[in-house]
Amino acid sequence: MDIQALYHLFQATLQPDTNVRIAAELKLKELESSQGTLLQSMQIIGSDESELHVRQAASIYFKNAIRRYWFEMETTPAHLKISDGDKDAIKSNILQLIAAAPAVVRTQLVTVLGVILSNDFPTKFPGYLAQVQTLLQSQDPKIVFVGLLGLKEVLRVYKFKIEDREPLDEIIANFFPAIQQIGAGLITANNVEAAEMLKIIFKCYHYTIQVDLSSRQMDSASLIPWGTLFIQMVEKTIPAEGLPTDPEELEKHPWWKAKRWAFQCLNRLYTRYGNPTALTSNSKFKAFAKAFTANFAPNILTSYLKQVELWVAKQSWLSPRVLCLIGNFFEESVKDKSIWAIIKPHSETLISHFVFPQLCFTADNEALWVDDPVEYVHSRIDMLEDFTSPSTAAVNFLTIMARYRRNAFMQALNLANSALQKYNESPAEAKNPREKDGALVMVGSLSSLILRKKSLSSMMEPFFVNHVFPEFKSQHPFLRARACEMINQFSDLDFEDPNNIAIAFAGLMDCLRDPELPVKVTAALALRPMIRHEAILEAMKPHLQFIMHELLAMTNQIDVDTLSEVMEEFVEVFAQDLAPFAVQLCEQLRDTYLRICEDMIKHTDAEDDLSDSAIDEASDKTMAAMGVLKTMGTLILSLESTPEVLNQLELALMPVVTFTLQNALLDLFDGVFEIIDSCTFSGKTISPNMWGVFELIYKTFKESALDFMEEMFPSLDNYVSYGKDVVSQNENVQAMIYDIIETVMKSDRLGENDRVTGCKLAESLLLNCRGSVDKYLPPILGLVFEYLAVDERIKTAEFRIQAVEVVMNCLYYNPGATLRLLEENGWTQRFLSVWFANLDKFTRVHDKKLSIVALCSILSVPVEQLPAALQSGWPQVLNGILRNFEGLPMAQAKRKEMERMYNIGSDDEDEDVDDDNVSEGQSALESALAGDGELVEEEWVDDEEDVFDEGNEYLEFLAQQASKSRPSDKDDDEIESEYDELEEEIYFESPLDSVDPYVLFREVFTGLKQHHPASYNELTKETSPEQQEYIMNLIATAEANATKAAAEAASA
């Protein structure tokens, strides 16, 4: 197609006439396979004569094509692959095209550049850095700007790369001195263009220090000029001219974006590399951190304190993101003793003027509450939001100070106490509810510390009576929500007066009926931890139907997975109480789930919306749907003992299963397979409805669920175990099960974990359908010997054991046919050597029983029909049986111990402690503050000491354990033997559970002696006296077991 016709096509995609637009889009889709179309698109984009909207349309088409087809996969059709010639032309001209494009088009082209670099740099784009360097050396600021964009995109390639960073070191050496000089020349400018360039320079630096800090960057020759530039940006007064007045728009302004990136660079340098207390003892950054703390961190802290001082005095505005970054830096500063010495004199001021105002309910909070209560709730409980929330950063700073620095803890409590007393003592018109909210937030954030200290925790009951309970009836909705949140945060507080626990519960129930959604949600979340109080648990029972109704109603208003967690807890704790209306509850949960899923599908259909808010919304819906699924699964398992209810629940849940699988909602497959598992396991039978689901599972597996084999297996095993009658008779079902096994064992997409699952499914089929799946014996053996026949094919002990166990199952299923197949394929010697070499690794009860029954099955074959390898080693079969019996009692004991651990929970209560007496007439906090000498002082660190990061201490511990756990003087076999022992699966059930191996051995052994004396004599000719005595003990045990079983059967 000529370029003019292509131009008209791009024009047509913007026409209001739908038919014209669709026809143009379809034609453009066809042109994706035409070589040269992308180059023509570049010409249209780069031409000043092209209309702006056409250039935009062409750039979007160009971007989408590059995204789809630049990186070639095996599945990419040949006609859609971009030719090498076109690729070279695009790479040669992309930077010039970006330079010529207007800003609205440039965004699309920068994305294109990023895609190309992520796939081609450095090996397939060797001349790229030379092009960038030429642009940066230009005297034209616009060309330099494009050079900076080009540098940023190549550095983005290495942002999260831990290995192969050599090209990055070269870039830092060759480019960073130059761009630092460019930045130093721009820092005094006041135009927007300078801000844009500084922002890109700072992002370039930040990309390089995300996962590592190069030796060149640690050198003071680099650190000093860069650090100076960052601090200059932090302290720069932004010119007021042309700035927007709206705070949201102001935060997006290039100057404030540049400021934010300067803060981020300084924070990253300190928190990741420059704080000795956050590093492990063997960190390569130890020396750097020591120098950084001594020479650089104090300057950064001083600069930050200046900014806070101006903000407090209302002489400067700070964006929420910058406030968050300052709070993050202050939090880290508490830990190092030398930096804490600088911040300590300011701690009280920072608590009262920096932290406290950010904890108070603001006008912005109120506006969001009123305009979008759903979003308000998300902002309060979404953990992802917390990483960028200034108030969360302020709370973290406060709690770290309070936890480790004694004076800060007392300062915070004093401030909160003063604010609360002032509120109580002020006349109604002078009360400041926002400040009271901030004071309660402050106390709530310190709840874990307060509850650990006797002199404080004993005072919290009167504190709640005076300051929290009254707010359940507050005229201010945010204070009602705060009262609920306080109950949640202090849920471990034991109220001495039963009236007070009743008031707390009544307050939460009132708030659950509140017209304001944030109040209702906060009340619901607070109810969950209060279940631990026996009085509240009993008080809840009459209200369960109302509580569950409200939880479901809220879930339909807002997609928050924490509400589902509350529902799940209630279902688990109150299963029997909920039974009378369990079906109704399940139907409501189903309808909620389907509503969320339909919303998810609509969102997926609108796939062009890749904004952060759209992605967050999709994530919220997915998490909420997962939570509802989990609640439904818990409901089924909780009502396992009521089969009539289970049948109705199963019927109610059919739409959940079918909708999820038919629409291939992959993120929800895990949860829906758990639902299927719960339905099939709880009833111990497979209903006609669930057999319909089986066919859908198989169809889904073939189309979209290959990667979900581990999640599917429990359900598939239930179908075979509890539907064995159908599987044994239905060849179509058998064929589907075998096809799943074969696909898993052969697929290149799957690993050994999945093949282990395939082996387990094969085992289930052979054990449960003995005598009914003869035709699958040869192909199943063929599948496992693809791996067993060659040493190198199996990497893990688990897969080796499971593969051997498939063959053992075949022997148990039909020993004669299996031995014949092994011999015909030349596998006998190989299998026997692998089996007997790994006998000691069959450590679980099921492993040992299976090994015993398989070896006993071999004994039942006439010796003349045995392969030569077995005939010559006939006595070794008996030795193998005896070795398995020797380890069986220990395996059974371990299993019983694990069952005991899982079935008997620990109800240990905390040790009772005597509360200290408190003077009458004092408020809770006043009394605690007056008696601060009784606090547990070991909680705090001396101001002359460092506070070492607990997370890094744990990582260091793990590293030390890892170094100890795999000593170099052991060979691979010893290490595998010691560390690859398989864990007992206490919930695993199989037909072998009903087989007594002692009785089976007695029958086979004595039968062999009576009917095949020659075989018996050959078998026992090498037994020692000790072994003969052991065999007699086994037979005695078998007789005792048989007598006991007969007596139990008679009494039943």
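A residue is called exposed when its relative accessible area is over 50%, and buried when that area is under 20%, with partly exposed in between. Keep those cut-offs in mind as we walk through this structure, which is a predicted model.

Let's start with Asp494, whose relative accessibility is 52%. Because 52% is over the 50% cut-off, Asp494 counts as exposed. The side chain of Asp494 meets that of Arg532 in a salt bridge, with 2.9 Å from N to O. Where do Asp494 and Arg532 lie along the chain? Asp494 is in the loop between helix H29 (477-489) and helix H30 (498-512), while Arg532 is in the loop between helix H31 (517-530) and helix H32 (534-540). The two residues are 38 residues apart, so this pair links distant parts of the chain. Arg532 itself is partly exposed, at a relative accessible area of 41%.

Why do such partners meet at all? Side chains of opposite charge can pair when their charged atoms come close. In this model, the count comes to 39 salt bridges.

Some of these bridges sit inside a single helix. Take Glu196 and Lys199, whose closest N and O atoms are 3.3 Å apart. Both belong to helix H10 (residues 192-208), and they are three residues apart, about one turn of the helix. Is Lys199 buried or exposed? Lys199 has a relative accessible area of 15%, so it counts as buried, whereas Glu196, at 25%, is partly exposed.

You can find another bridge of this kind in helix H43 (residues 731-746), where Lys746 and Glu742 lie four residues apart, again about one turn of the helix. Their side chains meet in a salt bridge of 3.3 Å, N to O. Here Lys746 is exposed, with 53% relative accessibility, and Glu742 is partly exposed, with 24%. Salt bridges can also join into a network, as Lys29, Glu32 and Arg68 do.

Now let's turn to the aromatic rings. How many aromatic pairs does the structure hold? There are 48 aromatic pairs. One of them is formed by Phe330 and Phe354, an edge-to-face pair with 5.5 Å from centre to centre and 75° between the planes. Phe330 belongs to helix H17 (residues 320-333) and Phe354 to helix H19 (residues 347-359); with their positions 24 residues apart, this pair links distant parts of the chain. Phe330 is buried, at a relative accessible area of 0%, and Phe354, at 1%, is buried too.

Phe330 has a further partner in Phe397. The centres of these two rings are 5.4 Å apart and their planes stand at 45°, so the pair counts as tilted. Phe397 lies in helix H23 (residues 390-404), so its pairing with Phe330 in helix H17 ties together parts that are 67 residues apart in sequence. Phe397 is buried as well, with a relative accessible area of 0%.

Elsewhere, aromatic residues gather in a group: Phe263, Tyr270, Phe288, Phe292, Phe296, Tyr304 and Phe329 form one aromatic cluster.

Our last stop brings charges and rings together. Lys87 lies over the face of Trp70, at 5.1 Å from the ring centre. In a similar arrangement, the charged end of Lys259 sits over the ring of Trp256, 5.5 Å from its centre.

Methods: Residues are numbered from 1 along each chain as its sequence is written. This is a predicted model: local features need pLDDT of at least 70, side-chain atom pairs count only at pLDDT 80 or more; totals for chains, interfaces and linings use all residues. Side-chain values use heavy atoms; hydrogens and water are left out. Rings of Phe, Tyr and Trp (its six-membered ring) pair if their centres lie within 6.5 Å; planes under 30 degrees apart count as stacked, over 60 as edge-to-face and the rest as tilted. Buried means under 20% relative accessible area, exposed over 50%, partly exposed in between (1.4 Å probe, protein chains only). A charge sits over a ring if NZ of Lys or CZ of Arg is within 6 Å of the ring centre and within 35 degrees of the ring normal. A salt bridge is a side-chain nitrogen of Lys or Arg within 4 Å of a carboxyl oxygen of Asp or Glu.
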